[in-house]
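Please keep the structure open in a viewer and follow the selections below in order. Each stop names what to select and then what is found there.

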Amino acid sequence: MTDHTYAFIGGLHRSGTSLLARCLAEHPQASGFKGTGATEDEGQHLQTVYHPASRHGGPGRFGFHDQAYLDERSELVSDASRDALLADWNRHWDTSKPVLLEKSPPNLIRTRFLQALFPGARFVVMLRHPIAVSCATQKWSWTTYTSLVEHWLVCHERLEQDAPHLEHLHVLRYEDMVADPDARLGEVFRFVGLEPRPTDLTVRTTVNDAYFDRWDANRWNPLKRLDTDRALARFEDRVNRFGYSLREPRHMSDPEVLARRPLTEV
């Protein structure tokens, strides 16, 4: 273990974690999972130690299940678990590279567990606007927008509670990454111990707009309008703490949470 830096990427489904993982894995001194046959090459599907998100309801649902959350108090924290994970994942990593990357959405609520197994590990967490995540996830969860926004909050507020227990946590907003890819990815490269390099990543900065338009269009349907109005009434203040808004989704502000240091350097 001392020969490598382990970097775990987490963030809710459709938050941009796959894009981030691909950008990092292209670095000549890093290795990620590719061509494994597993969904999005996620490490959660390539190991036998703990249950993947699908066992806890899947996208838009898993964070509601207490069993999905893992920390250093879990009975799964052991040398045997670490050895098993390495045996599973080493088959897909190029272990000649110094930085080894693993990406799975539920890493968002399992940082303390993974840190207990891999001391010194780096954690990179992606945040994306809850409306975008909810609209993109609903096709899988078949739940209401109210439930999906609440799920977003439950998971990120769990991260907020776990953050003081983590030695190395870097939080990155998706919207900031697509607005200035080289600068934001450069921060992540340095955080995991890699020399920054330019990227050819090009993503429209208006990438969330289609989801915001869908959210607004729901107001023409009385039942869907009740759903979005309920989410707004219940969760606007909590969402605001992360620098987002359900009422004015195109407006972003400085976050109140995870702000003991700059958002990207927690």
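The model is predicted. Begin with the largest nonpolar core, which holds 55 residues; within this core, Trp89 and Phe118 touch the most other members. Helix 5 (residues 145-162) makes the largest contribution to this core, with 6 residues. A separate core of 24 residues lies apart from it, and its members include Val99, Met126, Val188 and Leu201. As general background, nonpolar side chains tend to be buried together in soluble globular proteins.

Next, select Trp89 and display its surroundings. Beyond its neighbours within four places in sequence, Trp89 is in contact with Phe8, Phe33, Gly43, Leu46, Gln47, Tyr50, Glu102 and Phe118. Phe118 thus appears both as a contact of Trp89 and beside Trp89 among the core members that touch the most others.

**The sheet**

Now switch to a cartoon view and select the strands. In what order do the 5 strands of the open sheet lie? The order is 2-3-1-4-5, and the pairing is parallel. Strand 2 (30-31) and strand 5 (169-173) are the edge strands, each pairing on one side only.

Select strand 1 (residues 5-10). This strand is mostly covered, with 5 of its 6 residues buried. Strand 1 runs parallel to strand 3 (residues 99-103) and is joined to strand 3 by 5 bridges. To inspect this pairing, display Ala7, which stands opposite Leu101 in strand 3. Strand 1 also pairs with strand 4 (residues 122-127), again in the parallel sense, over 4 bridges. For that pairing, display Ile9, which stands opposite Val124 in strand 4.

Move along to strand 2, which pairs with strand 3 in the parallel sense over 2 bridges. The residue to show here is Ser31, which stands opposite Leu100 in strand 3.

**Leu101 in strand 3**

Select Leu101, a residue of strand 3. Is Leu101 buried or exposed? Leu101 counts as buried because its relative accessibility is 4%, and the cut-off for buried is under 20%. Leaving out residues up to four places away in sequence, Leu101 touches Ala7, Ala21, Leu24, Ala25, Ala30, Ser31, Gly32, Phe33 and Trp93. Ala7, the residue opposite Leu101 in the strand pairing, is therefore also one of its contacts, since contact means heavy atoms within 4.5 Å. For a distance across the model, draw a line from the C-alpha atom of Leu101 to that of Arg173: the two are 72 residues apart along the chain and separated by 19 Å.

**Helix 1**

Select helix 1 (residues 17-25). Helix 1 is mostly covered, with 7 of its 9 residues buried. The buried residues are Thr17, Ser18, Leu19, Leu20, Ala21, Cys23 and Leu24. Ala21, Leu24 and Ala25 were met already among the contacts of Leu101.

**The pockets**

Turn to a surface view and find the largest pocket, where the space amounts to about 500 Å³. Its lining comprises 23 residues, and those nearest its centre are His13, Arg14, Ser18, Glu40 and Trp140. Helix 1 gives the largest share of this lining, 4 residues. By class, the lining of the largest pocket holds 7 nonpolar, 10 polar and 6 charged residues.

The second largest pocket comes next, with a volume of about 310 Å³. Among the 13 residues that line this pocket, Ala21, Arg22, Ala25, Phe33 and Lys34 are the closest to its centre. Helix 1 and strand 3 each contribute at least two residues to this lining, and helix 1 gives the most, with 4 residues. The lining of the second largest pocket divides into 4 nonpolar, 2 polar and 7 charged residues.

**The cavity**

For the last stop, clip into the interior. How many cavities of 30 Å³ or more does a search of the whole structure find? The search finds 1, and the space in the largest cavity is about 60 Å³. To display its lining, select Leu12, His13, Pro59, Gly60, Phe62, Val133, Ser134, Thr137, Leu148, His151 and Trp152. Helix 4 (130-141) and helix 5 each provide at least two of the lining residues. The lining of the largest cavity has 6 nonpolar and 5 polar residues, with no charged ones. His13 links two stops of this tour: His13 lines the largest cavity and is one of the residues nearest the centre of the largest pocket.

Methods
Residues numbered from 1 in each chain as written. Predicted model: local features only at pLDDT ≥ 70, side-chain atom pairs only at ≥ 80, totals over all residues. Heavy atoms only, no water. Buried < 20%, exposed > 50% of the residue type's maximum accessible area, 1.4 Å probe, protein only. Pairing = 2+ DSSP bridges. Core = buried A, V, L, I, M, F, W, Y, C linked by side-chain atoms within 4.5 Å. 1 Å grid on protein atoms, 1.4 Å probe; cavity = no way out; pocket = protein on both sides within 12 Å on 5 of 7 lines; lining within 4 Å. Points joined across faces, edges and corners; volume = space filled by probe spheres on them. Nonpolar A, V, L, I, M, F, W, Y, C, P; charged D, E, K, R; others polar.
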